[in-house]
Amino acid sequence: MRAIWQLWLLPLRHAPLAAALLQSIWLAGAVALGSVPWTGEAAAWMAAMLIGAGIWLWSMLLGMDLRGVCQPDSLLLPGFRRRLAGIGLLHLLQWVLLPTALGLLLGVPHALLAGALLLLLGAFGLASGSERYLNLLVWALFVLAGWKPGLAVQVARALAASPWAVPLALLLAVLLLRLALRNLLHVEDREIDSSPLENTQLGRSRLRGADGAPARRGAVGKRILKVFDATAQYAMAQALARWRARPSAQRRMVLVRRLLLPHDNPQAIALRLVLVAVLVSFYVVVAMHRQHFNAAAVGAYAILLGLTRFPRLGQGMRRMRPNLADLYLTLAPATRADYQKTLTDALLVLVPITVLTTVAYTALGIVFTHAAAPWRMLLDALLVGTGASLVALAVHLIGPEGRLGRAVVDIAVTLGAMATYWGGYWLLGVLGYAIGGAALALVTLGFGIAVWLGAQREYQRRTPCFDAPLE
C-alpha cells in the first residue's frame, strides 16, 4: 500500500501547485454534488464540469509522471504492475466511482452517462499525458466545435439521449486505457539524448522522465526529428568543408553555431516555418474566420510564438555546461572573456532568426485574416520582435538560476512584449508609419540593444562554469 500511496503522490511532488488546485477542484465538485437536493440541477452541472475538468488534468499529470517511472528497469521490479493496478483503482475510486455513486443516490439525471464520461476523460487524460500527440485531437475537436457551435450542441444532445451513449463512452475509455497501458508498459531501448539547444519548434516543450531520460516520441515525431537531424548533419558538414578549404574567423563562428544550435540552420528554419505554417493555417482557416476577430492579434501571437525559443535556450545552456568544457578546450581561447564572447556572438544569431519567424508568421496571419492594416502589423511585429528578442536573449543568458526565477523572468518579458506590441500598434495608427515607426524603433531597439550590450558585458565578465546544474 505504501508504494501505491507514493505513486499517487507523484503529481503532488512534481507539480505541487497544480496538483493541489486539482484536488481542491475535486473537493469543490463533491460539495456541489452533495448540495443537489437543496440547489437543484444547476449544482449537478457545476459538479460535472468541475470533476470532469479535474479528472482530465489530474490524469494527464499522472500519465506524465508514470511515463517517467515506467522505465525498463522499473518494470522488472517484483509487483510493479500490481502497484500500477492499485494506483489505477484508487484513481478510479476517487474520480469516477464515488461521484457516480453519489449522483445515483441523489437521483441526479444522467448519472450513469456522467460517470461513463468521467471514465472517458480520465482515460484520455492518462493516454494524452503519456502520448501528447493526442492533445492535438482535443484541440481539433474544440476548433470544430467553435466553428459550428450549433451542430456541436445538436450532436451532444443526440448522444445524451441515445441509449448507446454509455456503452460507447465505456468502449472508447477501454480503448484509450489500452493505448495508455501499452505505451507505459512497452519495453524499449532508451532514446539517445538530444542537444539541449535544439529547436524543432513543435518539440520545444518536450518533457523528460523522472530519471532525466528524454521522453519517448511517437512515430510522427521520430520521423520529423530525423529530417531535422539530417539538415543539422548536412549544415555541419558544409560548414566544416568550408572551414577546411579556407579557415577564417567568420567560418569558425559558423562552425560554433552549427555545433551549439544544430536545428537553426537555413534548411531547418525553412522546414520549421512550413510545419508551423500548416498548423497555423488550419487554425486560422477553421477558427479565425469570425467577423469580430481582431486581426491585429495575429502579430501579438507571432511575437509570443517567437519568444518561446529563449526560455529553452536558458535552460539548455545550463544543461550543456559539462559539454561546453570540450568546446573550451577545442577553441583554446587566449582569455576567458574571449571564450564567453564567442558564445554570445554565436547565440546572437537567434535574434534575426526569431525576427524572421515572427514576421513570417505575421504575414501568414495577414493573408488568412485579410487584415485591414497589414503594413502596420508587419512594421510593429518587426520592431517589437527585434527589441523583445534582444531582451529575452539577454535575460535568459544571465538571468536567475532557479526554476521559479526563470519563470518570473519569462512572464515579465512576455507581458512586456505584448504590452509594447499593442502600444506600438496604437502609436503607428496615431502618428503614422514614419514618425510613429521612428518613435517605436527608438524605444524598442534602443532598450533592446542597451539591455543586450549590458548582458554581454556581464556574461564576458563571468567565469565560465562547466558544472552540471543542481536541478
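**View 1. Ala19 and its surroundings in helix H3 of the predicted model.** Ala19 is buried, its relative accessible area being 0%, and its place is in helix H3, which spans residues 16–34. Leaving aside residues up to four places away in sequence, Ala19 touches Pro11, Leu12, Trp58 and Leu61. Of these contacts, the one with Trp58 joins positions that are 39 residues apart along the chain, and the C-alpha atoms of Ala19 and Trp58 are separated by 7.0 Å.

**View 2. Helix H15 within its enclosure.** Helix H15 comprises residues 297–307, and because 8 of its 11 residues are buried, the helix is largely enclosed by the rest of the structure. The buried residues of H15 are Val298, Gly299 and Ala300, then Ala302 and Ile303, and finally Leu305, Gly306 and Leu307.

**View 3. The crossing of helices H16 and H17.** The axes of H16 (residues 309–319) and H17 come within 5 Å and cross at roughly 70°, which means that H16 is roughly perpendicular to H17. At this crossing Met317, Arg318 and Arg319 of H16 meet Arg321, Pro322, Asn323 and Leu324 of H17. Divided by class, the residues of the contact between H16 and H17 are 3 nonpolar, 1 polar and 3 charged.

**View 4. Ala332 in the loop between H17 and H18.** Helix H17 covers residues 321–331, and Ala332 lies in the loop that runs between H17 and H18. Although Ala332 is not a glycine, its phi is positive, at about 50°. Ala332 is exposed, with a relative accessible area of 55%, whereas Ala19, the subject of the opening view, is buried with a value of 0%.

**View 5. The packing of helix H18 against helix H21.** Helix H18 (residues 336–347) and helix H21 (residues 403–461) pack at an angle of about 145°, and their axes are 8 Å apart; the crossing of the two helices is right-handed. On the side of H18 the contact is made by Ala337, Gln340, Lys341, Leu343, Thr344 and Asp345, and on the side of H21 by Trp452, Gln456, Tyr459 and Gln460. The contact of H18 with H21 has, by class, 4 nonpolar, 4 polar and 2 charged residues. As general background to the spacing of such residues, an α-helix has 3.6 residues a turn, so residues three or four places apart point the same way.

How values were computed. Residues numbered from 1 in each chain as written. Predicted model: local features only at pLDDT ≥ 70, side-chain atom pairs only at ≥ 80, totals over all residues. Heavy atoms only, no water. Helix = DSSP H or I, 4+ residues; strand = E, 2+ residues; numbered from the N terminus. Buried < 20%, exposed > 50% of the residue type's maximum accessible area, 1.4 Å probe, protein only. Contact = heavy atoms within 4.5 Å. Axes fitted to C-alpha atoms, helices over the stretch in contact; angles between N-to-C directions. Left-handed = near helix turned anticlockwise from the far one by under 90°. Nonpolar A, V, L, I, M, F, W, Y, C, P; charged D, E, K, R; others polar. Parallel < 35°, antiparallel > 145°, perpendicular 65-115°, else oblique.
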